[in-house]
Amino acid sequence: PRSASDTHGMVEWVNRLITGAVGLFTLAAVLGARARRPYRDDLFRWSIGLPVWVFANALVGALVVWLHLSPASVIGHFVLSLGAVWNAVVLYERAGEEPAPGGVGRGMGRGARRPLATGTVVAACRLLLVTAGLVIMTGTVVTGSGPHAGDERADRLDLVVGDVVRIHGAAMILFLTLTLAVIWMAHAGDAAPRVEDRLRQLVVVLVAQAGIGYWQYFTGVPALLVGFHVFGAALVWIAVLRVWFSLSEPAAARVSARTAEAVGSTEPSLRS
């Protein structure tokens, strides 16, 4: 029968294989951004960040092995991966936007953007980012304290799993409550429809992630569900970033009929 150490060794091998494939995709993104016509140097700069993140995380991964899967190093490895995800989301969002006037070949122009939400919603969404970070970090502490922080030889965080699970759960409830509050503000007219749409997408991801979390807690934390939960954490991060990037658009963007009366405003409401 296969031992636990053999299983973890196989997981490590698959991880390296996937990292190599991801590295090739990031190089393809760089080549694509360079060959894009009309060329935009803002997209090229962001594409360069992707292989840099992957290379840096590969170095950290080697450090994780050298430190025998110490929880702090594994947490750092995961957080660095979320940094790469952030870079990828920025590149994706910018690639779908029209450049500012005169911006082709010179980037998007940082000041040439039109707000799609009031200052109150923007501030609330900034708090959403902070709360998302709190949920994700407390989640890594839960994993680092539990049975799946590595093989049987790996250290664990010297914390009571039940206590950190309750803290993580409270952070998740706070995150969900805040998200619902921002949706209410957006629906009341303080943001354009696309902001509300992305907030609703975030709620769907949050509810699914919470469901997986409770499922694994009440079923003895099976390893497969932990994997799904880690994947869900990345989806939560992507969803909250997409909310943030929906709060404005380039001033040169065409205004659709759906958002025409929601754009550009310092008025109390972005809808008539």
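Here's a quick tour of the core, one helix and the salt bridges in this structure. Keep in mind that the model is predicted. Its largest nonpolar core has 36 residues, and the structure holds nine salt bridges.

**The core**

- Val-121, Leu-128, Phe-175, Val-182, Leu-199 and Leu-202 are the residues with the most contacts inside the largest nonpolar core.
- The helices that give two or more residues to this core are α3 (71-95), α4 (119-145), α5 (161-190), α6 (193-218) and α7 (223-245).
- Take Val-182 as an example: leaving aside residues up to four places away in sequence, Val-182 touches Val-121, Ala-124, Cys-125, Leu-128 and Leu-199.

**Helix α3**

- With 25 residues at 1.5 Å each, α3 should span 36 Å, and that agrees with its end C-alpha atoms, which sit 36 Å apart.
- Plenty to look for here: the buried residues of α3 include Leu-82, Gly-83, Ala-84, Val-89, Val-90, Leu-91 and Glu-93.
- The cover over the buried residues of α3 includes α2 (41-66), α4, α6 and α7.

**Glu-93 and its partner**

- Glu-93 lies in helix α3 and counts as buried because its relative accessible area is 9%, under the 20% cut-off.
- Not counting residues up to four places away in sequence, Glu-93 touches Arg-198, Arg-242 and Phe-245.
- With Arg-242, the contact is a salt bridge between side chains, at 3.2 Å from N to O.
- That pair links distant parts of the chain, since Glu-93 is in helix α3 and Arg-242 in helix α7, 149 residues apart.
- Unlike buried Glu-93, Arg-242 is partly exposed, at 21% relative accessible area.

**Other salt bridges**

- Arg-94 pairs up with Asp-42, and their closest N and O atoms are 3.4 Å apart.
- Arg-94 belongs to helix α3 and Asp-42 to helix α2, so this bridge ties together parts that are 52 residues apart in sequence.
- Arg-94 is partly exposed at 25% relative accessible area, while Asp-42 is buried at 1%.
- Arg-114 and Glu-249 also meet through their side chains in a salt bridge, 3.3 Å from N to O.
- Here the link runs between strands: Arg-114 is in β1 (residues 113-115) and Glu-249 in β2 (residues 248-250), so parts 135 residues apart in sequence are tied together.
- Arg-114 is buried at 17% relative accessible area, and Glu-249 is buried at 12%.
- Arg-40, Asp-42 and Arg-94 are joined into one network by salt bridges that share partners.

**One more spot to check**

- Tyr-217 lies in helix α6 and is partly exposed, at 42% relative accessibility.
- Tyr-217 and Gly-162 are 55 residues apart in sequence, with their C-alpha atoms 9.8 Å apart in space.

Note on methods
Residues are numbered from 1 along each chain as its sequence is written. This is a predicted model: local features need pLDDT of at least 70, side-chain atom pairs count only at pLDDT 80 or more; totals for chains, interfaces and linings use all residues. Side-chain values use heavy atoms; hydrogens and water are left out. A nonpolar core is a set of buried Ala, Val, Leu, Ile, Met, Phe, Trp, Tyr and Cys residues joined through side-chain atoms within 4.5 Å. Buried means under 20% relative accessible area, exposed over 50%, partly exposed in between (1.4 Å probe, protein chains only). Helices (H or I, at least four residues) and strands (E, at least two) are DSSP runs, numbered from the N terminus. Contact means heavy atoms within 4.5 Å. The expected span of a helix is 1.5 Å times one less than its number of residues. A salt bridge is a side-chain nitrogen of Lys or Arg within 4 Å of a carboxyl oxygen of Asp or Glu.
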